[in-house]
Amino acid sequence: MVPVDEEEPPLAVEIDDVVEHEIPPVGVTVITGYLGAGKSTLVNYILNSQHGKRIAVILNEFGEEIGVERAMINEGEGGALVEEWVELANGCICCTVKHSLVQALEQLVQRKERLDHILLETTGLANPAPLASVLWLDDQLEAAVSLDSIITVVDAKNLHYQLKSHNDSSSFPEAYHQIAFADVVILNKVDLVSSENSDTPLEDLEKEIYNINSLARIIRSVQCQVDLSNILNCRAYDATVCNLHVTHLEALLEENKKLSTRDLHDSSVRTLCICEPKKVDFDKVRIWIEEIIWDKKYGMDVYRCKGVLSVLNSDQLHTLQVVRELYEIVPTREWKDGENRINKIVFIDY
């Protein structure tokens, strides 16, 4: 027999602990707006754009203006969830939700092909506050999604009259609520408004929006054709993007210094800016915020609030965010050398 050389066993190599890279959550953008403002136009624009992203759009129901055919109806367990799904040529997914938004979101993120973003289109009379609550800090939602921003579409031609209607009644119209909660306001149909044929020029409309929500960014548009980078991946509720919060709040505080009391609020809306140069006690700030948003202390009815805090016994910059009865105070990064450590808080108060 011819001897055969035995192969030497492979060397044992020590392998370091495998670091699992956490997959970032899929951002959810809520699109709201008054009836006829152009929400469906915006959704249709996104669905037909060649943006190279896999975007899921959740609709309350399919309308003819969306321009997609109905798909097979799929019923969830016990018929609790009824959805209609449409796969589009540009890689987007379109579906309607009849019952559980939470279940729909979980089904979307569990799909084989990972999504880049999810859009949630609301009805014209929907108040976005409950949706923001579910998507932002609700433990019920176990899916890997996060609230990216709330986009409100407003009709430049009719906005003034929609807002004026609240002066003649004891309740706030939905247009007020939708603007108050917005991170971005798309001022649509600006082509129908000009200084020659309108009683309210665009600059005055923007001022009306700013008086309701000075924290929102305003984008002018025609037929809702906007740069998608301005409305997707805004990370408005991401505490790690604190540099944007700091810059925005500082600019806002400087601007409000130039405004008169009449400019800052009318009979229903107020932007309240607070600056405090001394470091603050974390627990006292938390209790103070809870008294304001839960107990309506000082007669305040807060819709939105953002802040940057310098906390005692901490070198971390803390950010504050409030949406109605929900709030979050989190450390985000270390203060930079020479950085102005003044506490800055802005309330949108009714």
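Let's start with strand β7, residues 145–155, which is mostly covered: 10 of its 11 residues are buried. Please keep in mind as we go that this is a predicted model. Strand β7 makes a good entry point, so to speak, to a protein chain that has 9 helices and 14 strands. Of the 350 residues in that chain, 47% count as buried. Among the contacts in the chain with a separation of 6 or more, 73% are between residues 24 or more positions apart.

Now look at the partners of β7. Strand β1, residues 26–33, runs parallel to β7 and is joined to it by 8 bridges. Strand β8 also pairs with β7 in the parallel sense, here over 5 bridges. One residue lets you see both pairings: Thr-152, found in strand β7. Thr-32 stands opposite Thr-152, and in β8 the bridge partner of Thr-152 is Val-185.

It is worth staying with Thr-152 for a moment. With a relative accessibility of 0%, Thr-152 counts as buried, because the cut-off for that class is under 20%. The side chain of Thr-152 reaches the backbone oxygen of Gln-178 at 2.7 Å. Gln-178 also appears in the contact list of Thr-152, which, leaving aside neighbours within four places in sequence, includes Thr-32, Gly-33, Ile-179 and Ala-182. The same list takes in Val-184, Val-185 and Ile-186.

From here, step across to strand β8, which covers residues 184–188 and holds Asn-188. Asn-188 is buried too, with a relative accessible area of 2%. Where does a polar atom of the Asn-188 side chain find a backbone nitrogen 2.9 Å away? That nitrogen belongs to Cys-224. Once neighbours within four places in sequence are left aside, Asn-188 is in contact with several stretches of the chain. They include Ala-37 and Gly-38, then Val-153, Val-154, Asp-155 and Ala-156, and finally Ser-221, Val-222, Gln-223 and Cys-224.

Another strand to visit is β2, residues 55–59. All of its residues, 5 of the 5, are buried, so β2 is largely enclosed by the rest of the structure. You can follow this on both sides of the strand: Ile-55, Val-57 and Leu-59 point one way, Ala-56 and Ile-58 point the other way, and all are buried. For a partner, β2 has strand β6, residues 117–121, and the two pair in the parallel sense over 4 bridges. Within this pairing, Val-57 stands opposite Leu-119 of β6.

Helices can be read for burial as well, and α2, residues 101–109, is a clear case to try. Which of its residues are buried? They are Leu-101, Val-102, Ala-104, Leu-105 and Leu-108. If you look down the axis of α2, these buried residues fall within an arc of 165 degrees, so they line one face of the helix.

Next, turn to the aromatic rings, where the count comes to 4 aromatic pairs. One of them brings together Trp-288 and Phe-347: the ring centres are 5.9 Å apart and the planes stand at 85 degrees, so the pair is edge-to-face. Trp-288 lies in helix α9, residues 282–295, while Phe-347 lies in strand β14, residues 343–349, so the pair ties together parts that are 59 residues apart in sequence. How do the two rings' residues compare in burial, buried or partly exposed? Trp-288 is partly exposed, with a relative accessible area of 23%, whereas Phe-347, at 1% relative accessibility, counts as buried.

Finally, let's check the cysteines. The structure holds 0 disulfides. Cys-273 is in no disulfide, and its nearest cysteine sulfur, that of Cys-275, is 7.3 Å away. Cys-275 is likewise in no disulfide, with the sulfur of Cys-273 as its nearest cysteine sulfur at 7.3 Å. A disulfide requires sulfur atoms within 2.5 Å, so a pair at 7.3 Å does not qualify. Cys-273 counts as partly exposed at 26% relative accessibility, and Cys-275 counts as partly exposed at 45%.

Conventions:
Residues are numbered from 1 along each chain as its sequence is written. This is a predicted model: local features need pLDDT of at least 70, side-chain atom pairs count only at pLDDT 80 or more; totals for chains, interfaces and linings use all residues. Side-chain values use heavy atoms; hydrogens and water are left out. Buried means under 20% relative accessible area, exposed over 50%, partly exposed in between (1.4 Å probe, protein chains only). A polar contact is a pair of N or O atoms within 3.5 Å; within protein, one must be able to donate a hydrogen and the other to accept it, and residues adjacent in sequence count only if both atoms are side-chain atoms. Contact means heavy atoms within 4.5 Å. Two strands pair if DSSP finds at least two bridges between them. Rings of Phe, Tyr and Trp (its six-membered ring) pair if their centres lie within 6.5 Å; planes under 30 degrees apart count as stacked, over 60 as edge-to-face and the rest as tilted. The arc is that of the directions from the helix axis to the C-beta atoms.
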